[in-house]
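User: Could you take a close look at one ligand site for me and walk me through what lines it? I'd like the polar contacts and the burial in one go, plus a bit of context from the rest of the protein.

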Amino acid sequence: MSILARIKAFLGMEAKPEKEALEEEVEKVAEEKAKPRIGYIHLSGCTGDVMSLSENYDILAELLTNLVDIVYGQTLVDLWEMPEMDLALVEGSVCLQDEHSVKELMEVREKAALVCAFGSCAATGCFTRYSRGGQQARPDHESFVPIADLVKVDCAIPGCPPSPEIIAKTVVALINGDMDYLQPMLDLAGYTEACGCDLQTKVVNQALCIGCGTCAMACQTRALDMNAGRPELNSDRCVKCGVCYVQCPRSWWPAEQINKDLGF
Amino acid sequence: MSERVVISPTSRQEGHAELVMEVDDEGIVTKGRYFSITPVRGLEKMLTGKAPESAPVYAQRICGVCPIPHTLASVEAMDDSLDIEIPKAARQMRELVLAAHDVNSHAIHHFLIAADFVPENLFATAVNSVSEIRKTAQYVVDMVAGEGIHPSDVRIGGMADNISEVARKKLYARCKALKPKVDAHVELIVGLVADKGLPAGLGVHNQPILTTDNLYGDRENFDLDRFTEIMPESWYDDAEIAKRACSTIPLYDGMNVEVGPRARAAKFRGFTEKGVVAQHVARAMEMKSALSKMIAILAELDTSAPVRADFDVRGTNKLGIGAIEGPRGLDVHMAQVANGKTQFYSCLVPTTWNIPTMGPATEGFHHEFGPHVIRAYDPCLSCATHVIVVDDEDRSVIKNEMVRI
Amino acid sequence: MVLGTYKEVVAARSTDKQIQKIAQDGGIVSALFCYALDEKLIDGAVVAGPTEELWKPAPTVAMTAEEVLAAAGTKYTFSPNVWMLKKAARQYGLEKIGTVAIPCQLMGIRKMQSYPFGVRFLADKIALAVGIFCMENFPFASLQTFISEKMGLDPNLVEKMDIGKGKFWAYTADDVYTLPLKETHGYEQNGCKICLDYVAELADVSTGSVGTPDGWSTVFTRTDAGETIFKAAVEAGVIETKAIDDVKPGLGLLEKLATDKKTKAMKVIDDRKAMGLPVPYKASSEKEDPLANI
Ligand SMILES: Cc1cc2nc3c(=O)[nH]c(=O)nc-3n(C[C@H](O)[C@H](O)[C@H](O)COP(=O)(O)OP(=O)(O)OC[C@H]3O[C@@H](n4cnc5c(N)ncnc54)[C@H](O)[C@@H]3O)c2cc1C
Ligand code: SF4
Ligand code: SF4
Ligand code: SF4
Ligand code: SF4
């Protein structure tokens with residue numbers, strides 16, 4: 001089995017028999033194409049997003065060695081020079097008081113064709129939205145913002161952390177140039193002010209909620225309960241990652257992709 | 001002419017921590033300083049004034065590599081402040097989660113040091129071995145603690161839910177099946193570290209060790225009166241470094257200490273070796289102890305027992321302490337709750353304890369071994385680093401070599 | 001296509017007498033789960049189980065046939081089954097999960113499978129999603145209004161509720177009460193008004209009462225997985241089938257109801273868009289097929 005086919009099998013995206021020929025062609029193109037050059041940039045994050053990437057156990061080695069080139073963050077690069085990249089995965093929010101982080105982010109924007117907010121800290125600020133400084137040894141570090149507040153962000157993968165699967169699927173889509181699959185990630189680049197309250201203001205208040213429970217299932221901190229068929233937010237547990245609203249079937253609806261994935 | 005060798009994770013721009021070594025003409029380190037330059041997100045201040053329930057949720061996000069010890073130290077500090085006695089099954093589940101995390105985390109460390117120790121022909125074997133072990137260990141964390149990376153279900157007063165009997169049996173069978181694999185893995189790693197032929201005495205220092213328990217952690221063995229914390233300004237004799245350093249310096253009996261698997265092995269398992277090789281051996285061997293503990297707990301966990309105690313969340317402002325032996329060493333969180341709100345919160349994370357010890361531990365050997373010394377502590381910096389040697393006179397980079405911390 | 005993509009549609013019912021007795025219609029949901037559990041095709045199923053309050057269901061993980069049967073029958077109010085899927089995979093330790101879901105719940109599940117942003121290690125564990133048809137759902141208080149106020153019945157005496165033939169039905173031990181459906185209009189939850197899916201178009205297997213006689217169900221097999229399991233259950237004799245063309249009222253009624261639902265919802269969607277209110281679906285003018293589920 002080719003690498004791509006194995007990855008697809010792993011992700012439960014096995015091609016339909018009648019489509020096999022087409023898929024093989026895509027793979028061939030993918031294999032002939034230059035590998036995307038990916039950089040990993042770590043700002044104020046917890047490294048959980050990369051840990052999650054590494055939990056693609058069965059395909060990790062292939063992914064990292066055969067499918068993409070990690071050109072920054074893990075391989076030999078000249079100290080002061082960030083290379084040109086096709087995609088920069090930026091983890092963590094950016095501290096406005098930390099000159100280096102701000103400068104580095106600016107440089108990433110210059111060097112990378114696509115800047116991806118990797119994880120909720122980079123995408124929405126996540127729990128660093130609650131930062132307010134005053135702590136030793138750097139009491140001046142107080143303002144943490146999603147990276148889109150400072151630079152143009154092309155796509156976002158929210159999640160605290162994003163699941164291993166969505167990371168692998170995104171990378172595979174990138175390799176295949178599957179822009180249809182990536183469209184929601186492009187749209188989510190603009191979703192920077194996230195909170196569990198969004199379910200109330202953008203779904204329940206808008207007469208859209210149908211009590212399915214997807215939000216509560218998706219919440220990684222278990223900040224949500226279902227109460228009389230509507231989400232009930234425990235704000236003491238909410239980290240403002242935005243996952244609940246992103247997963248809600250009434251926030252955006254990727255019908256074509258779902259039909260495709262189901263073989264319809 | 002004295003030179004400075006600076007090892008900085010990936011570069012100034014991606015800074016996490018830096019190792020600055022002064023070296024003599026032979027390249028031997030005469031003075032080592034290691035410090036963190038990660039921006040301070042201010043978790044302790046963030047949590048002050050919030051509901052106690054927020055503490056473990058935010059605290060686990062200190063680090064995605066070792067979130068479990070932070071979560072456990074956080075809930076234990078809260079349990080202590082609120083005077084909660086957690087049910088037996090909850091305690092077993094917490095111990096199970098930490099043991100699984102130890103196995104996972106030590107395996108990750110082996111992945112990170114593979115470039116140093118694993119010869120080309122064994123590389124795939126080692127990496128696959130790591131992945132296989134991690135998969136099972138994380139499966140346990142997912143099921144028992146709700147989420148594998150930021151565990152949602154470790155709660156003040158115990159755990160959110162017990163697991164089902166089906167889950168217990170499944171986990172027990174998988175952990176048992178993992179045992180021969182872990183044994184083989186440990187043998188492989190210990191052998192490879194020995195084969196490397198690192199100089200005898202590398203990384204040996206005279207600082208005391210600090211540990212509270214064989215595997216889980218015990219607040220009774222952490223004496224707050226013997227603990228002091230100073231600012232980098234009064235620790236580093238280099239003003240520039242002191243200013244850039246982002247973590248405080250914790251001391252025990254006025255001294256910097258070593259925490260971690262070697263410290264635990266020395267105090268509780270009769271292990272007498274010291275230095276870099278000893279740290280790797282102790283860490284690898286600990287995977288076996290942790291897995292045995294997982295199997296033992298899974299054999300006897302009562303899945304119908306309650307796992308969460310009732311408690312009064314108002315609190316009396318008692319200073320609660322959570323002391324957890326994380327993979328990288330003692331992780332202490334302190335919390336005070338009164339009027340239902342967290343009044344004070346503080347964390348002494350494992351790498352912070354080791355930071356003032358790691359630098360001096362590089363002294364007396366060639367600076368090329370510096371990264372080996374640092375990596376032996378498995379500092380919580382999973383990112384790649386460069387070694388550069390900066391000429392003091394014109395500050396040009398005279399050597400640039402990739403290392404991985 | 002108002003009935004979604006499917007491989008086959010048949011009339012079917014469980015051959016098990018006990019299931020026939022307690023199930024809502026042909027007992028397809030319960031029969032499929034019992035069969036899949038027996039054959040180890042799933043190791044548990046999320047169902048709308050009973051709670052202390054009669055007629056108020058809660059998502060429950062069923063790991064035995066008894067637990068599946070305890071949840072049989074339709075409750076016309078919220079049971080956020082998707083919520084329980086995570087727990088089924090975590091604390092319950094299930095790796096092949098079955099679930100029953102109304103169409104909107106399937107949307108949450110399928111979206112999570114295609115885009116599992118924050119949902120780790122669950123997408124590939126959904127082994128069987130049985131969808132049930134749905135015209136609308138009600139807040140619990142609406143049910144209380146129908147039964148206590150409009151029918152003058154003690155809710156504790158009600159043994160079964162049903163919607164069909166233009167009426168809302170309540171069965172007690174020895175009587176049958178009805179309420180014309182126009183009396184229930186305006187009591188459904190608001191989110192249903194833009195729902196374009198009547199027949200659980202995204203299920204592996206979907207089923208409902210409309211189209212077949214009492215005691216039977218209409219069944220669509222839609223995905224490969226759904227087709228395999230359903231056929232195996234029929235072959236094993238736990239489900240019996242008839243050609244849909246041989247039964248009354250047949251697909252025609254189903255098509256009509258599905259078309260009506262979609263047409264009505266499409267109008268609400270267009271109206272909402274005109275008012276500037278958010279809607280996750282396209283307006284009719286933006287679609288090739290205005291009745292497609294997008
Ligand atoms: C709100 C609602 C509206 C419906 N509207 C229609 C309709 O307009 N036309 C039509 O043909 N059929 C409709 N149905 C489906 C129908 O009532 C039967 O549920 C279906 O035919 C299955 O019957 P069965 O005998 O195969 O299932 P059974 O073997 O009786 O099992 C039914 C299963 O459905 C689950 N369930 C019950 N209530 C809920 C709920 N509220 N949410 C999620 N799962 C639940 C139960 O846990 C059980 O597993 C509706 C169902 C619901 C819940
Ligand atoms: S989004 Fe979550 S996992 Fe990612 S860096 Fe932030 S806290 Fe860590
Ligand atoms: S996911 Fe959306 S529609 Fe479903 S219960 Fe939550 S808010 Fe309501
Ligand atoms: S409720 Fe949960 S999923 Fe939603 S933003 Fe808060 S933490 Fe994230
Ligand atoms: S009508 Fe649609 S939205 Fe309403 S409950 Fe049924 S499936 Fe859900």
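Here is a walk through the site of ligand 1, followed by some of its surroundings.

Analyst: Sure thing. Keep in mind that this is a predicted model.

Let's start with who is in the shell. Ligand 1 is surrounded by 31 residues, and the closest are Asp25(C), Gly27(C), Ser30(C), Thr74(C) and Lys75(C). By class, that shell splits into 16 nonpolar, 12 polar and 3 charged residues. As for secondary structure, helix α2(C) supplies the largest share, 3 residues.

Now the polar contacts, where the protein backbone comes in. A polar backbone atom of Gly73(C) sits 2.9 Å from an oxygen atom of ligand 1. Val210(C) also puts a backbone N or O atom 2.9 Å from an oxygen atom of the ligand. With Phe133(C), the partner on ligand 1 is a nitrogen atom, again 2.9 Å from a backbone N or O atom. On burial, ligand 1 would expose 900 Å² if taken alone, and the protein buries 99% of that. Two elements of chain C give two or more residues each to the shell: α2 (28–38) and β2 (44–49).

For a second site, look at ligand 5, which lies between chains A and C. It has 13 residues around it, and the nearest are Cys104(C), Cys134(C), Cys192(C), Cys195(C) and Lys261(C). The shell around ligand 5 divides into 8 nonpolar, 2 polar and 3 charged residues.

Then there's the packing of the protein itself. In soluble globular proteins, nonpolar side chains tend to be buried together. The largest nonpolar core here has 222 residues, and among those with the most contacts inside it are Phe127(A), Tyr58(B), Met294(B) and Phe117(C). Helix α4 of chain B, residues 88–117, gives the most to this core, with 15 residues. A separate, second core has 29 residues, including Ile28(C), Leu69(C), Ala71(C) and Ala233(C).

Ile147(A), another of the residues with the most contacts inside the largest core, gives a local picture. Beyond its sequence neighbours up to four places away, Ile147(A) touches a set of residues that includes Leu43(A), Val90(A), Leu105(A), Cys116(A) and Val153(A).

One last stop is in chain B, at Thr352(B), which is found in helix α11, residues 350–361. Its relative accessible area is 12%, so Thr352(B) counts as buried, the cut-off being under 20%. Setting aside neighbours within four places in sequence, Thr352(B) is in contact with Ser247(B), Thr248(B) and Pro250(B).

Methods. Residues are numbered from 1 along each chain as its sequence is written. Chains are lettered from A and ligands numbered from 1 in the order in which they are written. This is a predicted model: local features need pLDDT of at least 70, side-chain atom pairs count only at pLDDT 80 or more; totals for chains, interfaces and linings use all residues. Side-chain values use heavy atoms; hydrogens and water are left out. A nonpolar core is a set of buried Ala, Val, Leu, Ile, Met, Phe, Trp, Tyr and Cys residues joined through side-chain atoms within 4.5 Å. Buried means under 20% relative accessible area, exposed over 50%, partly exposed in between (1.4 Å probe, protein chains only). Helices (H or I, at least four residues) and strands (E, at least two) are DSSP runs, numbered from the N terminus. Contact means heavy atoms within 4.5 Å. A residue is near a molecule or strand if one of its heavy atoms lies within 4 Å of it. A polar contact is a pair of N or O atoms within 3.5 Å; within protein, one must be able to donate a hydrogen and the other to accept it, and residues adjacent in sequence count only if both atoms are side-chain atoms. Accessible areas come from the Shrake-Rupley method with a 1.4 Å probe; for residues, only the protein chains shown count as cover. Ala, Val, Leu, Ile, Met, Phe, Trp, Tyr, Cys and Pro count as nonpolar, Asp, Glu, Lys and Arg as charged, and the others, Gly among them, as polar.
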